[in-house]
Amino acid sequence: MSEYEPAPPEVDDEGELPADHPRYTDLLTRHRIEEGVREGITHLQGMHAEGRGSAFDYLLGEETIPSADRAERAAAAQLLLADRPVLSVNGNVAALVPGEIVELAAVVDADLEVNLFNRTPERVGAIADHLRAHGAEGIRGIEADARLPALDHERAKVDADGIYAADVVLVPLEDGDRAKALDAMGKVEIVIDLNPLSRSPRVADVPIVDNVVRAVPAVTAYAEGLADAPESELSAIVEGFDREAALAAAERRIRRGATDG
Ligand code: PTJ
């Protein structure tokens, strides 16, 4: 990452964080994002994203609200129904939930694709190595030999056999332009984003307004529970999920502290 010299860490290992601190999870995610930047995994802009996300999470009560829980169940059903599911991994996801995203991919039999907004070969390589260290195999997105239509720059690059060919994609913390492009390609899109007003969850078939550190394990737990469910049950879960209601409930919680959904 060019000339940037990150400050030396004040906490070397996350085990040194005070576990009894009332906002321990926030300290932990901040620490993981800082580590991600130091290791060349997370982009500096990932820190801005984390700060914004953390403010929304504070207003949501730093918990999975009922509408997000329903979205997590619908996401699990949607991934189990998919023929070619792909989970997209950026610098924040790799820093925050590397083991958890690898586990979800195994449970729903999905491919993992390194898919970056600020794409450089160095970061792609560092993220792929980090995922491999957490048990991932056959990671896509290294060559990224296809492009999302109508987008310029490196952010358009995807894998022809990965996201480009996928029927269902999970895109946590996704840029709005790219989420729109995936929607225009007719993909079933599952977005994890703490801001219900952001364009990405607003174009998603399944918007999950929750912290990625809670959402990914929750989707995995639902997928494990539904692994043997008949297709008819999975389809009923997907059809019963109301995306507009989920977005509206999250917005009510953030603006007014409402607990009705
Ligand atoms: O690694 P790269 O190069 O692909 O870049 C990744 C970032 C996240 C920097 C890039 O995609 C970006 O700039 O994203 P945005 O446009 O800042 O959007 C990030 C969204 O994620 C915002 O709406 C945040 O509120 C939300 N967010 C941040 N942290 C979390 C989160 N949502 C869920 N869980 C979080 N921990």
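The largest pocket in this predicted model is the space taken by the ligand. Two elements each give two or more residues to the shell around the ligand: α2 (45–60) and α4 (91–96). Helix α2 gives the most, with seven residues.

Now look at individual residues. The ligand has 22 residues around it, and R52, G91, F117, R123 and D193 come nearest. Some contacts are polar. At F117, a polar backbone atom is 2.7 Å from an oxygen atom of the ligand. At N118, the contact comes from the side chain: one of its polar atoms lies 2.8 Å from a ligand oxygen. D193 also uses its side chain, with a polar atom 2.8 Å from an oxygen atom of the ligand. How much of the ligand's accessible area does the protein cover? On its own, the ligand has 730 Å² of accessible area, and the protein covers 93% of that.

Turn next to the helices. Helix α3 runs through residues 66–81. Its 16 residues should span 22 Å at 1.5 Å a residue, because the expected span counts one less than the number of residues. The end C-alpha atoms of α3 are 23 Å apart, which agrees. Many positions can be checked for burial here. S67, A68, A71, E72, A74, A75, A76, A77, Q78 and L79 are buried in α3.

Helix α9 covers residues 212–226 and can be tested in the same way. At 1.5 Å a residue, its 15 residues should span 21 Å. The C-alpha atoms at its ends are 21 Å apart, so expectation and model agree. Which residues of α9 are buried? They are V212, V213, R214, A215, V216, A218, V219, T220, A223 and L226.

Finally, two loops deserve a look at their backbone angles. D109 sits in the loop between α5 (98–108) and β2 (111–114). Its phi is near 55°, a positive value in a residue other than glycine. Is D109 buried or exposed? Its relative accessibility is 67%, and exposed means over 50%, so D109 counts as exposed.

H153 lies in another loop, the one between β3 (146–147) and β4 (157–158). H153 is not a glycine, yet its phi is positive, at about 65°. Its relative accessible area is 59%, which means that H153 is exposed by the cut-off of over 50%.

Technical notes. Residues are numbered from 1 along each chain as its sequence is written. This is a predicted model: local features need pLDDT of at least 70, side-chain atom pairs count only at pLDDT 80 or more; totals for chains, interfaces and linings use all residues. Side-chain values use heavy atoms; hydrogens and water are left out. Helices (H or I, at least four residues) and strands (E, at least two) are DSSP runs, numbered from the N terminus. Buried means under 20% relative accessible area, exposed over 50%, partly exposed in between (1.4 Å probe, protein chains only). A residue is near a molecule or strand if one of its heavy atoms lies within 4 Å of it. A polar contact is a pair of N or O atoms within 3.5 Å; within protein, one must be able to donate a hydrogen and the other to accept it, and residues adjacent in sequence count only if both atoms are side-chain atoms. Accessible areas come from the Shrake-Rupley method with a 1.4 Å probe; for residues, only the protein chains shown count as cover. On a 1 Å grid over the protein atoms alone, a cavity is a set of points where a 1.4 Å probe fits but cannot get out, and a pocket is an open set with protein on both sides within 12 Å along at least five of seven lines; lining residues have an atom within 4 Å of a point. A molecule sits in a cavity or pocket if more than half of its atoms lie within 2 Å of its grid points.
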